[in-house]
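Colleague: Please show me the model, and then explain the words you use for the ligand site.

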Amino acid sequence: MTQATQPPVRAVLLDIEGTTIPVSFVHDILFPYARKALPELLRSHGDDPAVQAQIAEIARLAPGVAPLRQLEAWMDADAKVAPLKALQGMVWAQGYADGALKATLYPDVVPALRCWAAAGLALAVYSSGSVAAQKLIYGHTTEGDLSSVFVGFYDLQMGGKRDAESYRRIVDDARWNAGDVLFLSDVVAELDAAASAGLRTCQIARPEDGTRPGTTHPVAVTLAEVAARFGLPHPEAV
Ligand SMILES: CSCCC(=O)C(=O)COP(=O)(O)O
Ligand SMILES: [Mg+2]
């Protein structure tokens, strides 16, 4: 089916890093902040049940390895592992609360998200960052609190982003039809998985991040271009 003969997009599922928020913000600001703050979190909040639950999960995944050592290994590898992502979210909460962290989105993102939500599209997030971290990042942007534009937030509890089953779970949870959903990501393997689950896909290839456009999914450099390609309300037209 060509775009013209496909049913209208009713929902947009969005990755964060490299899609709505620069890779540089995540890697140069968020990750170093967490790397510095995690040892203190483990030391001073090690008896907090929420922290203990993540330490138990680290022990399950990496038996016999000291939790901090394992977290550092995962951070070195940029591993998308749920206990690391949960603990990073906990330390970022403090950074957002005291103003040390504020998210800068790509300039085309806020107009598009506001326009699409106002037009009745259902918007949801799917990121390796924990749901708590997602709500923090969109709740503390340089353009204010954007979290209310989203009807859903999904993380690794749904499964890995390169696994088609994760997208089926999200679509079921949101009570969407897969063919009505457009998934946006910079990572081709994630788009492949979403397409296998029947979602429509578009790669966001941000030149400033050096994203290499693939050849197997439609490609756009901004969300305004996504709007034009998929017949969504255009942020500059409202
Ligand atoms: C929720 S903001 C931090 C994002 C993060 O921790 C990460 O690993 C990026 O993952 P994504 O799935 O958004 O590429
Ligand atoms: Mg990404």
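Modeller: A pocket, on a 1 Å grid over the protein atoms alone, is an open set of points with protein on both sides within 12 Å along at least five of seven lines. This is a predicted model, and local features need pLDDT of at least 70. Residues are numbered from 1 along each chain as its sequence is written.

Colleague: What makes you say where ligand 1 sits?

Modeller: A molecule sits in a pocket if more than half of its atoms lie within 2 Å of its grid points. Ligand 1 sits in the largest pocket.

Colleague: Which residues surround ligand 1 most closely?

Modeller: A residue is near if one of its heavy atoms lies within 4 Å. The shell has 14 residues, and Lys80, Lys85, Ser127, Ser128 and Lys161 are the closest.

Colleague: Why is the pair formed by Lys161 and ligand 1 called a polar contact?

Modeller: A polar contact is a pair of N or O atoms within 3.5 Å. A side-chain N or O atom of Lys161 is 2.6 Å from an oxygen atom of ligand 1, so the pair qualifies. For Ser128, a backbone N or O atom lies 2.8 Å from a ligand 1 oxygen.

Colleague: Why is ligand 1 said to lie between domains?

Modeller: Domain 1 (3-21 + 103-237) and domain 2 (26-98), whose bounds come from an automatic or database assignment, both give residues to its shell, so ligand 1 lies between them.

Notes
Chains lettered and ligands numbered in written order. Predicted model: local features only at pLDDT ≥ 70, side-chain atom pairs only at ≥ 80, totals over all residues. Heavy atoms only, no water. Polar contact = N/O pair within 3.5 Å; in protein donor to acceptor, adjacent residues only side chain to side chain. 1 Å grid on protein atoms, 1.4 Å probe; cavity = no way out; pocket = protein on both sides within 12 Å on 5 of 7 lines; lining within 4 Å.
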